[in-house]
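Thanks for sending this one over. Have a look at the fold first, and then go through my notes below.

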Amino acid sequence: MDKAYEILNQLNIEANDFFIANHGKLYLEAKLKIINNSIGTLCGRCDGSPFYCPLDGVIYISEQILNKLDKNRPIGLHLILAHELGHHIQNQNGKDYQMQIDMQKGKSRLASTKELELDADMIAGQLLSSLLTKKELDCCLEFYKSIKEDELHGTIEERMECFSMGAFL
Ligand SMILES: [Zn+2]
């Protein structure tokens, strides 16, 4: 449990530097809430899967998923938290607001969501590139292969490509 808070803390520090360098604005730290199974949030019900709520700036994740990750693929926690922090950055740099405007102009929800998700993967790569070794970053890439593919996030290949762009370029 403590490990998750520690990782998020490191990521917040990275995100602060990233944010100042890229946007010249003050960064508000994301918070982490570890839940038991599921919980109601300002953004609707969270079933325990990693989830970011832009209304309260909190990343939610269940204890059950944390334990599973810890046992099987501990590096996954870095990747998951960094991806969710990517959404937090989008919330602050206006990227998700821009998507709302694009949707009003007729861009499909699917295309908009996918763009935000892949952008979060790229930010995750950028944030982790200074926290992890090359070998650990490769493990993160491998971790993508264990994620179930869905339309909203893009294909696993696209996700790995975006992460790599952030992490290795
Ligand atoms: Zn996401």
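Here are my points, going from the whole chain down to one residue.

1. Keep in mind that this is a predicted model. The chain has seven helices and five strands. Reading from the N terminus, the order is α-β-β-β-β-β-α-α-α-α-α-α.

2. On overall dimensions, the C-alpha trace spans about 45 × 40 × 35 Å along its principal axes. A compact globule of 169 residues would have a radius of gyration near 15 Å, and the chain agrees because its own value is 15 Å.

3. Buried residues account for 31% of the 169 in the chain. If you take contacts between residues at least 6 apart in sequence, 66% of them join residues at least 24 apart.

4. Now for the core: the largest nonpolar one has 36 residues, and Leu 81, Ala 82, Leu 85, Ala 124, Leu 127 and Phe 163 touch the most other members. At least two residues of this core come from each of α1, β4, β5, α3, α5, α6 and α7.

5. Helix α5 (residues 109-129) deserves a closer look. Its 21 residues should span 30 Å at 1.5 Å a residue, so the 30 Å between its end C-alpha atoms agrees. Its buried residues include Glu 117, Asp 121 and Gln 126 as well as Leu 118, Met 122 and Ile 123. What do the buried residues of α5 pack against? They meet α1 (2-23), α3 (75-93), α6 (134-144) and α7 (156-168).

6. Finally, zoom in on Ala 124, one of the buried residues of α5. Leaving aside neighbours within four places in sequence, Ala 124 contacts Leu 79, Ala 82, His 83, Gly 86, Phe 163 and Gly 166.

Terms used:
Residues numbered from 1 in each chain as written. Predicted model: local features only at pLDDT ≥ 70, side-chain atom pairs only at ≥ 80, totals over all residues. Helix = DSSP H or I, 4+ residues; strand = E, 2+ residues; numbered from the N terminus. Expected span 1.5 Å × (residues − 1). Buried ≥ 20, exposed ≤ 12 C-beta atoms within 10 Å, placed from the backbone. Contact = placed C-beta atoms within 7 Å. Core = buried A, V, L, I, M, F, W, Y, C linked by C-beta atoms within 7 Å. Rg over C-alpha atoms; globule rule 2.2 N^0.38 Å.
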